[in-house]
Amino acid sequence: GAVYDDYGNLVGSKITGNLESVPKSVTNLNLARTNIEGDIESLKDCPLQELNLSRCGAVYDDYGNLVGSKITGNLESVPKSVTNLNLARTNIEGDIESLK
């Protein structure tokens, strides 16, 4: 279910849903460039080691420019077990100190 722009660039996926539906036992999660939405807090009890939400739930303007994300929440909700993290181009907020 890949989605490409007029120039052949990968811009998304047809995969949809909400972070709340992710099984609580997942340890490696890569939802980059999918249409998943939700609050990262729903992952706080998962034993995640790797988490990639880059461009997950991306929102584009009429010109195809990335203007936001449907992924929200605070860095404080990232599980302490995560050792590989990519939240690029999401709406996650917070102080990076909370990841210590």
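Which residue of E9 does Gly38 stand opposite? In this predicted model, the partner of Gly38 is Ile71 in E9. That pair is a handy way into the rest of the fold, starting with the overall make-up and then zooming in on the sheet, the core and the charged pairs.

Taken as a whole, the protein is built from strands: there are 11 of them, and zero helices. Reading along the sequence therefore gives β-β-β-β-β-β-β-β-β-β-β, with strands counted as DSSP runs of at least two residues. The C-alpha atoms fit into a box of roughly 40 × 25 × 20 Å, taken along the principal axes. How does the radius of gyration fit with a compact globule? A compact globule with 100 residues would come out near 13 Å, and the protein has 14 Å, so the two agree. Of the 100 residues, 36% are buried. As for contacts between residues at least 6 apart in sequence, 27% of them link residues at least 24 apart.

Now for the sheet. Four strands line up in the order E3-E5-E9-E11, making an open sheet with parallel pairing. At the edges sit strand E3 (16-18) and strand E11 (91-93), each of which pairs on one side only. From one strand to the next, the twist averages 15 degrees.

Strand E5 deserves a closer look. With E3, strand E5 pairs in the parallel sense over three bridges, and in this pairing Gly17 stands opposite Ile36 in E5. With E9 (residues 71-74), strand E5 (residues 35-39) also runs parallel, and two bridges join them. Here Gly38 faces Ile71, while Asp39 stands opposite Thr72. The faces of E5 can be told apart as well: Ile36 and Gly38 make up the covered face, whereas Asn35, Glu37 and Asp39 make up the uncovered one. This split fits a general pattern, because in a regular strand the side chains alternate between the two faces of the sheet.

What about the inside of the protein? The largest nonpolar core contains 19 residues. Leu19, Leu29, Ile40, Leu43, Leu48, Leu51 and Leu53 are the ones with the most contacts inside this core. Such a grouping is no surprise, because nonpolar side chains tend to be buried together in soluble globular proteins. Leu51 makes a good example. Setting aside neighbours within four places in sequence, Leu51 touches Leu29, Ile40 and Leu43, along with Val82, Asn84, Leu85 and Asn86.

How many salt bridges does the structure hold? There are two. One of them links Glu41 and Lys44, whose closest N and O atoms are 3.3 Å apart. Glu41 counts as partly exposed because its relative accessibility is 41%, and Lys44 is likewise partly exposed, at 40%. The other salt bridge brings together the side chains of Glu97 and Lys100, at 3.0 Å from N to O. Glu97 has a relative accessibility of 45% and so counts as partly exposed. Lys100, by contrast, reaches 74%, which means that this residue counts as exposed, the cut-off being over 50%.

Note on methods. Residues numbered from 1 in each chain as written. Predicted model: local features only at pLDDT ≥ 70, side-chain atom pairs only at ≥ 80, totals over all residues. Heavy atoms only, no water. Pairing = 2+ DSSP bridges. Axes fitted to C-alpha atoms, helices over the stretch in contact; angles between N-to-C directions. Salt bridge = Lys/Arg side-chain N within 4 Å of Asp/Glu carboxyl O. Buried < 20%, exposed > 50% of the residue type's maximum accessible area, 1.4 Å probe, protein only. Core = buried A, V, L, I, M, F, W, Y, C linked by side-chain atoms within 4.5 Å. Contact = heavy atoms within 4.5 Å. Rg over C-alpha atoms; globule rule 2.2 N^0.38 Å.
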